[in-house]
4 protein chains.
Amino acid sequence: MTKRMNVAMIGGGFMGKAHAMAYACMPMFFWPAPAIPHRKVVVDVTDDTAETARQRYGFDEASSDWRNVVARPDIDVVDICTPNNVHAEIAIAAAQAGKHIICEKPLARTVEEARAMAEAVKKAGVIHMVAFNYRRTPAVALARKYIEEGRIGKILNFRGTYLQDWSADPDGPLSWRFQKKIAGSGTVGDIATHVVDLAHYLVGPIETVNAITTTYNKTRPLQQGGVDKLGAAEKASGDVERGEVDVDDEVISLLRFQNGAIGSLEATRNAYGRNNFITLEIHGTKGSIHFNYERRDELQVMFADDPADSRGFRTVYTGPAHPYGQGLWPIPGLGIGYSETKIVECFDFFSAIRTGKQPSPNFEDGLLTELVADALLRSGESGAWERVGR
Amino acid sequence: MTKRMNVAMIGGGFMGKAHAMAYACMPMFFWPAPAIPHRKVVVDVTDDTAETARQRYGFDEASSDWRNVVARPDIDVVDICTPNNVHAEIAIAAAQAGKHIICEKPLARTVEEARAMAEAVKKAGVIHMVAFNYRRTPAVALARKYIEEGRIGKILNFRGTYLQDWSADPDGPLSWRFQKKIAGSGTVGDIATHVVDLAHYLVGPIETVNAITTTYNKTRPLQQGGVDKLGAAEKASGDVERGEVDVDDEVISLLRFQNGAIGSLEATRNAYGRNNFITLEIHGTKGSIHFNYERRDELQVMFADDPADSRGFRTVYTGPAHPYGQGLWPIPGLGIGYSETKIVECFDFFSAIRTGKQPSPNFEDGLLTELVADALLRSGESGAWERVGR
Amino acid sequence: MTKRMNVAMIGGGFMGKAHAMAYACMPMFFWPAPAIPHRKVVVDVTDDTAETARQRYGFDEASSDWRNVVARPDIDVVDICTPNNVHAEIAIAAAQAGKHIICEKPLARTVEEARAMAEAVKKAGVIHMVAFNYRRTPAVALARKYIEEGRIGKILNFRGTYLQDWSADPDGPLSWRFQKKIAGSGTVGDIATHVVDLAHYLVGPIETVNAITTTYNKTRPLQQGGVDKLGAAEKASGDVERGEVDVDDEVISLLRFQNGAIGSLEATRNAYGRNNFITLEIHGTKGSIHFNYERRDELQVMFADDPADSRGFRTVYTGPAHPYGQGLWPIPGLGIGYSETKIVECFDFFSAIRTGKQPSPNFEDGLLTELVADALLRSGESGAWERVGR
Amino acid sequence: MTKRMNVAMIGGGFMGKAHAMAYACMPMFFWPAPAIPHRKVVVDVTDDTAETARQRYGFDEASSDWRNVVARPDIDVVDICTPNNVHAEIAIAAAQAGKHIICEKPLARTVEEARAMAEAVKKAGVIHMVAFNYRRTPAVALARKYIEEGRIGKILNFRGTYLQDWSADPDGPLSWRFQKKIAGSGTVGDIATHVVDLAHYLVGPIETVNAITTTYNKTRPLQQGGVDKLGAAEKASGDVERGEVDVDDEVISLLRFQNGAIGSLEATRNAYGRNNFITLEIHGTKGSIHFNYERRDELQVMFADDPADSRGFRTVYTGPAHPYGQGLWPIPGLGIGYSETKIVECFDFFSAIRTGKQPSPNFEDGLLTELVADALLRSGESGAWERVGR
């Protein structure tokens, strides 16, 4: 019989919802499952919000005391879905208590925090994972498969974008995502790290960067009430007090990879009309790959050795015949959403626990991504090529 | 506190998975939820398959005796996820036991069965729904909103397609979906009914049809073992015995609607390269709408009164600002898959139970769709316009 | 040295422009050219409009007397770019004078006219062609190549559309295209015949049809002045007199081909947002083809025997490696427009003159298309399957 | 009566074809025409190739002596379609002879040459133009219109790409385009300058750049015979001698504009599967624009103030209602190719001659683009931000 494992989830907001969904659904999709995740305790800021999260997300218990929960002997897994500013503290405590840990991205606000977290989990010998879920899109995993099999040859270049528009409105509220002391950085940490993670996954380590960072909207209306709101939908009305945005709104960077490939990266939350426009374009000596998350079921691939009269990008619509297809939907084209990327992530995490083999991206990988983020921010300041630290 | 309602799900296959997922997730997405669906009993053909389904889908109990389960007083809702041949029998028993019922599509194999079911639920006074989930795609619901608001004017015509390719391989196995005694019909019942349901939803009742039906692959390899397999992925190897396909492979039809609109419909499971190619194109006197489920996050809409220099189809990428957006994902572009269509369906079903107002499509609507399916099959035989019965 | 051939072009409107362009450019593109078309005489309704056409289109002479011009011994080729009502008369006179003839589509208003034309050119032994230029799109010619080479197997079905919106505005002027006595029919002759021609080219002869025809806008403002105007851009202002539209606005039809394939066809000039939306979708036993003229450089093709992990529609962007690529642009992706389809048509016409082998579509093919058009109109009346005449 | 102007075209290769086509067609499209360009003399390297060009392109005379031709009193316009290495010499001679000049892009191999050319035409008081034809795509001109009208607000950023794949094959021949002494540079001059020109047209002057330049294929087979060949189609067979490629294969750069906008640029001729992939993405404070030349009829535009439920990129399919629409095709969707961009260019050039007002881009603009190209090459060497010279 499949083993049940008790999960303590810290943070009951939007990300908590996505993770709770994955715990409930993972065994339904991937069967036999590596484990049955059991929603044991959900922790939120107050008892009230925690209790609501409990009912809504189907946990047994609610708590507002993460320290206590993380230390409980009946907890197997700690899941960190909080804002970035408490990732390190919780993760280190959880590691010390011997819990397996999945932590939302970015791993931390700073390289120092990330390094401390990576050391803690290493020392504790637990399984650890950073929730860069876009790797789990089947089409992205298929891109990786093609590259590993050499089907597009040696990679020459990479360009990745992550464009959103939910912060384009200058009167959208001052979410924690616009505050350096909580978020660490702006688009760099929030979304550029996804692109960095994808670049590492598909091409290899980035060695040096050369970036522009900028902030278009320098103030935003202060949030009302205790709940953090995102985006233009929650636009403040009338004459509200405004606070300073002290993080970046946009980053564009040139990239050089350790293996000699070159490329570029762009991330912004101010691109009107782009929703979750994560795109990848990779050219190799034998073909090319293109991906756009807004049409995430599809991978575009071009093989240079196709006959001249029928050469062109193939739109491979992912389904049962592609990565994770054994667990997702049995009929091609039913299609996946954000949910399924989280279900796959959950599957890979519990598979790692079961096999005892670290998943990817783990905290080491997360640290590497933080090092690139740090180099991007440094380069944005210096206006020069900056080397990714170690 | 939100009310918990006990669900008995009959059928633990692919559809059972989709429904179990929806029961677990609906309150996570739509909160406060109209009810907390509780996965009480799952029924499958044998005790063994039922027990596996129980573990996998998170139900309390397993059973192989649907009659007994349907009659249990602790059951509030009966969910029918079986092949088509037992829909009527189960639904009628459930209605007689006073249960609310959600039944997978098509409602039944024949008009007679569908009519008996519609009468049974009416008599019993329960809430009833047919699981034509594609209506629940936010982009489709947005199309309905535009039409209701008159934004594309009077509808002149409609064309809908449903193209798949999982049965294009003549050596794919003889699933129950190719057997008239179980399925009732082929593409007509399986997928053309989805298009009919969408046409009814967006345009109104179909009055007459004029169809071609055809069967390209007249035999298929008999299935091995007890489990029904779909598609080319499960292609039989070597020299297996073959059985007759006695249902349609493809249907194309002209349509006339009661309100004067005209149109066409096409459904096939043999269209190489098309996965779940449900497309809608609707022209009105003030604009047009286009939808393709393979890119289900997007609705294309064109308003004729836009200025000449900036007129064209708008790609509206559905998100928080669109139908069901309050429950789905709070950031635009995270994107939905098949899962979310089922979660929305579940929400609408329990909302109907809570309010006591029948949802749409209910069994009456399902009967109407069966009447169109029947007319399509008759027209395929007669080669002439056939009137949809009453 | 390449032979110079004198052309008399009858009709100096929009089509005259396209043909004059092709005469000037064909040798530039296809070299060595089969002939150098020399723009000798242009004929229009009045001396004034003819003289303007002469200057604008680069002809040596202008005339308003087509009978005289057609009979001149120095004329080698007669090109008919007039409204449909004088096609037959001119073509028969030109044939009797021994001229090679290219005639704009549709060949004629009626089957009787088309048959008389086909007989006249046959008797005269001249080269004859109907200007169904969309066949000349390289991507369409590539589709034909794939089909001929058996690369998508036996064709199962075909669906073709031709959607425009220039007549959707009910206050667009009453062009000759809305008048039966001049045009013969509406969308059937004007644009559905293009789809029929493409169906014949790619699949084979249509045997029976079953159509709906309809007229949405039953009156339109009478034209002011002598020049015929098209579309909404020329919308009448204020309180102008209106005349009756006595031709069809839209046609939808089921199709059965002689070779057993089935299909459908749709044409309308009232589809808001569609510009020149000529689409083809063809499913075969080994693959599928999709084409959309609005993205005419591209052909979508799917080969069923591609490996499961990299199967999908290929977007073949036509260029030097594809049909007519030797003459068009030497760098892939420079891209073609309407012009190039006409240049290719001109090349094929003069190649036919040079080799003495009839081109396709010639008047025989044009007659066949008229026979299908006639069947569509008959079926629109009868509401029943109608056989294409002989 | 419209004035006839005599053109001397220097260079009878691929570009000569495009220009000859434009001379023949411009008055057909734009009527009344600003002038009737008369194809008087074509000059090529030898008498033989010139004579072939004369017949093919419809010129009165052929010559292999450009100096003599340029000085002829009956010549009004000199058109330079040669490789880059003789642009300066011819242009300066033509200016001194008082001829109006249209010169293919890039204007010159170096800033020094470009500056000398700009000074010569200024001194001579003639009309001058550089043939950056992609500005003339109606969709690009429409983007400019939106920007000028403030419809997407203040421009925040710009990214432009020009991706091709004709040189991806390492065994494609060593065209003059790979030789610094003739071409001046590689992708920088050949195609990145198009992106620079578009950036200048749509956003304004570029101030500083920060680039990577690279050369993937360091040798190529020497050309056989006298005719320069492009691309993989002409791949050398067997054991041919190879020569050095001393120009760049790819350039990626960060950009800073004088008006504060930021951006990026990428150009490569080695991107398998990309044909003429000129893309623009521009985000403003009130909307966004996207363009892809491979689908050149379409402009994507998003207006932020559209209602929330119907906001998204509009696909504006250019036609009669858009820039240059009065001259191109009268029915929407007939579609344009490379030809039409050159016809529009020709129209704008002769309009400038007629009005005496310099067109854009003229040699001053071309010099500015050379200055950016020079900065790109310097930055590729230095690895640092480089200021565009004056």
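How many salt bridges are there between chain A and chain B? The count is 4. Keep in mind as you click around that this is a predicted model.

**Stop 1: chain A against chain B**

Select chain A and chain B and give each its own colour. The contact takes in 46 residues from chain A and 46 residues from chain B. How much area do chain A and chain B bury between them? It comes to about 4,100 Å², and 61% of that is on carbon and sulfur atoms. Now pick out A:Met28, A:Trp31 and A:Arg56: in chain A, these lose the most area to chain B, and together they make up 17% of what that side buries.

If you're wondering about the choice of number, the size of an interface is often given as the accessible area lost when the parts come together.

**Stop 2: a salt bridge up close**

Show the side chains of A:Arg296 and B:Asp297. They meet in a salt bridge, with 2.6 Å from N to O. Polar contacts are there to look for as well: 22 residue pairs across the interface of chain A and chain B, with both residues at pLDDT 80 or more.

Next, switch to a cartoon view of chain A and find helix H1 (14–29), strand S2 (36–43), helix H2 (47–57) and helix H9 (338–355). Each of them supplies at least two residues of the side of chain A that touches chain B. Which element gives the largest share of that side? Zoom in on H1(A), which provides 10 residues. Colour that side of chain A by residue type and you'll get 26 nonpolar, 10 polar and 10 charged residues.

**Stop 3: chain B and chain C**

Hide chain A and bring up chain B with chain C. A turn of 180° and a shift of 0.0 Å along the axis lay chain B on chain C, with an RMSD of 0.0 Å. Why 180°? Because that is the relation of a two-fold axis. To get your bearings, click B:Ala384: in chain B, its C-alpha is the nearest to the axis, 3.1 Å from it. Both copies use the same surface here, as 100% of the contact residues of chain B recur in chain C.

**Stop 4: where B and C touch**

Here 39 residues of chain B are in contact with 39 residues of chain C. The two chains bury about 2,900 Å² between them, 60% of it on carbon and sulfur atoms. Select B:Ile212, B:Leu254 and B:Tyr272, which lose the most area to chain C in chain B and together account for 23% of what that side buries.

How many salt bridges cross the interface of chain B and chain C? There are 7. For a pair to zoom in on, try B:Arg159 and C:Glu266, whose side chains meet in a salt bridge at 2.1 Å, N to O. Residue pairs in polar contact between chain B and chain C number 13, both residues being at pLDDT 80 or more.

Several strands of chain B each supply at least two residues of the side that touches chain C, among them S7 (155–163), S8 (206–214) and S12 (262–268). The largest share, 6 residues, comes from S11(B). By type, that side of chain B has 15 nonpolar, 15 polar and 9 charged residues.

**Last stop: a glycine in chain C**

Finish by selecting C:Gly319, in the loop between strand S16 (313–317) and helix H9 (338–355) of chain C. Is C:Gly319 buried or exposed? C:Gly319 counts as buried because its relative accessible area is 16%, and the cut-off for buried is under 20%. Add C:Trp329 to your selection: the two residues are 10 apart in sequence and 7.0 Å apart in space, C-alpha to C-alpha.

Definitions and conventions: Residues are numbered from 1 along each chain as its sequence is written. Chains are lettered from A and ligands numbered from 1 in the order in which they are written. This is a predicted model: local features need pLDDT of at least 70, side-chain atom pairs count only at pLDDT 80 or more; totals for chains, interfaces and linings use all residues. Side-chain values use heavy atoms; hydrogens and water are left out. Contact means heavy atoms within 4.5 Å. Buried area is the accessible area (1.4 Å probe) that two parts lose on being put together, summed over both. A polar contact is a pair of N or O atoms within 3.5 Å; within protein, one must be able to donate a hydrogen and the other to accept it, and residues adjacent in sequence count only if both atoms are side-chain atoms. Helices (H or I, at least four residues) and strands (E, at least two) are DSSP runs, numbered from the N terminus. Ala, Val, Leu, Ile, Met, Phe, Trp, Tyr, Cys and Pro count as nonpolar, Asp, Glu, Lys and Arg as charged, and the others, Gly among them, as polar. Copies are superposed by least squares on the C-alpha atoms of residues with pLDDT of at least 70 in both. Buried means under 20% relative accessible area, exposed over 50%, partly exposed in between (1.4 Å probe, protein chains only).
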